[in-house]
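Please read the following report alongside the sequence and the model, beginning with the chain as a whole and then turning to particular residues.

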Amino acid sequence: MTDAKLPLIHKAPVEGLTVHVARTGLSIGDPAWLDRLADGRIGVFARVRQPLLGVIPRQRPVCLGHLGPVAEEIVTPSIAHGDDLRVRIIDLVPEHLANGYPAEVYVSVWGDPRHLHPVLRPFLPEDADDIPPPIFKASRGAGPSQGNGLG
């Protein structure tokens, strides 16, 4: 069995932001995680900067918001199976750069595609126990020994 992760969601917006993005200290590439909220939606959590008394630095896990319905439908089977998902913040627009629009945070989710709905994984057979690694073949381009003028 491989532990290679494939992209389940390339870019999904975090809806219902509950934080002031500019004050969190988040940046592109920061890790995040997904978990069920009390109302049944899938929340996006990350460690954000929240200084104690405005002076002492500390980071706390905070719910940033929740995934939209389409993204939630994609990752729900993986969360139900307890798969290890790799969630990263891939884009954000803080309030001071949003030009009057709401702030935005986007995440990508990588994981094992075997628990996706069959419609969402047409490239995997139904009874796949293992995902074969990709096979890379050397291209038949002109190399240095074939007279391309490079050596």
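The protein chain exposes about 10000 Å², of which carbon and sulfur atoms supply 57%. This is a predicted model, and in it buried residues make up 34% of the 151 residues in the protein chain. The secondary structure comes to two helices and six strands, which follow the pattern β-α-β-β-β-α-β-β when read along the sequence. Among contacts in the protein chain between residues at least 6 apart in sequence, 60% join residues at least 24 apart.

Two residues, one from a strand and one from a loop, can be set side by side.

| Residue | Place | Relative accessible area |
|---|---|---|
| Val105 | strand S6 (residues 104-111) | 2%, buried |
| Leu52 | loop between strand S3 (42-49) and strand S4 (59-67) | 37%, partly exposed |

Val105 counts as buried because its relative accessible area of 2% is under the 20% cut-off. Leaving aside neighbours within four places in sequence, Val105 is in contact with Ala12, Pro13, Val14, Leu17, Val21, Ile89, Asp91 and Leu92. Val105 and Leu26, which are 79 residues apart in sequence, are 9.6 Å apart in space, taken from C-alpha to C-alpha.

Leu52, in the loop between strand S3 and strand S4, counts as partly exposed because its relative accessibility is 37%, a value that lies between the cut-offs of 20% and 50%. Together with Leu53, Val55 and Ile56, Leu52 forms a nonpolar patch on the surface, and these residues have about 430 Å² of accessible area together.

Definitions and conventions
Residues numbered from 1 in each chain as written. Predicted model: local features only at pLDDT ≥ 70, side-chain atom pairs only at ≥ 80, totals over all residues. Heavy atoms only, no water. Helix = DSSP H or I, 4+ residues; strand = E, 2+ residues; numbered from the N terminus. Buried < 20%, exposed > 50% of the residue type's maximum accessible area, 1.4 Å probe, protein only. Contact = heavy atoms within 4.5 Å. Areas by Shrake-Rupley, 256 points an atom, 1.4 Å probe, with all protein chains shown as cover. Patch = residues over 30% accessible without salt bridge, like charges linked within 9 Å, V, L, I, M, F, W, Y side chains within 5 Å. Salt bridge = Lys/Arg side-chain N within 4 Å of Asp/Glu carboxyl O.
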